[in-house]
Amino acid sequence: MERVERLQPSFVEEVPEKLQPGVLYVSIPYATAVHCCCCGCGEEIVTPLTPTDWRMTYDGESVSLSPSVGSWSLPCKSHYVIDRGKVRWAAAWTKAQIERQWARDRAAKAAYYGRPLEAAAEIVSPPVGETTPPRPHPKRSLFKVVVNWLFGPPD
Ligand SMILES: [Zn+2]
């Protein structure tokens, strides 16, 4: 397993099936960035770009992602910052730190969407027309999807 120290941006419509290590795939239509874990474990890291998840900065050459990428649900527990294309390794978090961050993330999303998180998916995919009957709550809310990315699927 070889650590990746630099990430080159690749702007794509859709993220390819097979990811190249050292490439940060950025899909503007899907507002998502995806890359292979920089530790070399080969796991796919998905970072949704939203006002309450990650922000991406592109300076014409390299990309930065903020905040840091923490793969707590993966065996490698990798934690790093992508800063102008450079991977800066950070210390792994403790369980308590992860839980605090999770609570902060929840609060930020609740404040941003202004209503319970379970309904957030409806904001992302608004009703298509006036005649559309009210839909039941989606089983897989956006929040759960994000949590699955961050912490792995529930048991
Ligand atoms: Zn890894």
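Cys-36 is buried (under 20% relative accessible area, where exposed means over 50% and partly exposed lies in between, with a 1.4 Å probe and protein chains only), its relative accessible area being 9%. The model is a predicted one, in which local features need pLDDT of at least 70 and side-chain atom pairs count only at pLDDT 80 or more, while totals for chains, interfaces and linings use all residues. Residues are numbered from 1 along each chain as its sequence is written, and side-chain values use heavy atoms, with hydrogens and water left out.

The structure contains 0 disulfides (a disulfide being a pair of cysteine sulfur atoms within 2.5 Å). Cys-36 accordingly takes part in no disulfide, and the nearest cysteine sulfur, belonging to Cys-41, is 7.9 Å away. For Cys-38, the closest cysteine sulfur is that of Cys-37, at 6.4 Å, which is too far for a bond. Cys-38 is also buried, with a relative accessibility of 0%.

A zinc ion is bound by the SG atoms of Cys-37, Cys-39, Cys-41 and Cys-76, at 2.2 to 2.3 Å. Donors are defined as N, O and S atoms within 2.8 Å of the metal (3.2 Å for Na, K and Ca); water is not among the atoms, so sites may look incomplete. Along the chain, the donors of the zinc ion follow the spacing C-x1-C-x1-C-x34-C. The arrangement is tetrahedral because the 4 donor atoms subtend angles of 102 to 116° around the zinc ion. Four donors count as tetrahedral if all angles lie between 85 and 135 degrees; four count as square planar and six as octahedral if opposite donors are over 155 degrees apart and all others between 65 and 115, and anything else is irregular. The ideal angle for four tetrahedral donors is 109.5 degrees. Two of the zinc donors, Cys-37 and Cys-39, are buried.

Ser-78 is in contact with both of these cysteines, and also with Val-69, Gly-70, Ser-71 and Trp-89, when neighbours within four places in sequence are left aside; contact means heavy atoms within 4.5 Å. Ser-78 is located in the loop between strand 6 (63–70) and strand 7 (79–83) and is buried, with a relative accessible area of 5%. Trp-89 is likewise among the residues touched by Val-4, together with Pro-21, Gly-22, Cys-38 and Val-87, not counting residues up to four places away in sequence. Val-4 belongs to the segment before strand 1 and has a relative accessible area of 12%, so it is buried. Its C-alpha atom is separated by 7.2 Å from that of Pro-21, 17 residues apart along the chain.

Overall, the protein comprises 3 helices and 8 strands, arranged from the N terminus as β-β-β-β-β-β-β-β-α-α-α. Helices (H or I, at least four residues) and strands (E, at least two) are DSSP runs, numbered from the N terminus. Of the 155 residues in the protein, 39% are buried. Among contacts between residues at least 6 apart in sequence, 37% join residues at least 24 apart.

An open sheet of 4 strands has the order 1-2-3-4 and mixed pairing. Strand 1 (8–11) and strand 4 (44–48) form its edges, each pairing on one side only. Neighbouring strands of this sheet are turned against each other by 25° on average, direction ignored; axes are lines fitted to C-alpha atoms, for helices over the stretch in contact, and angles run from 0 to 180 degrees between N-to-C directions. Strands are taken to pair if DSSP finds at least two bridges between them. Strand 3 (residues 32–36) is antiparallel to strand 4, with 5 bridges, and Thr-32 has Pro-48 as its bridge partner in strand 4.

Strand 5 (residues 55–58) and strand 6 are likewise paired in the antiparallel sense, over 4 bridges, with Ser-64 of strand 6 as the bridge partner of Thr-57. The hairpin of these strands has 4 residues between them, and Gly-60 adopts a positive phi near 100° there. Strand 6 also includes Pro-67, which is joined to Ser-66 by a cis peptide bond with omega of about 0°.

Most residues other than glycine have a negative phi, and most peptide bonds are trans. Ala-31, in the loop between strand 2 (23–27) and strand 3, has a positive phi near 45° and is partly exposed, with a relative accessible area of 32%. Arg-84, in the loop between strand 7 and strand 8 (86–89), has a positive phi of about 45° although it is not a glycine.
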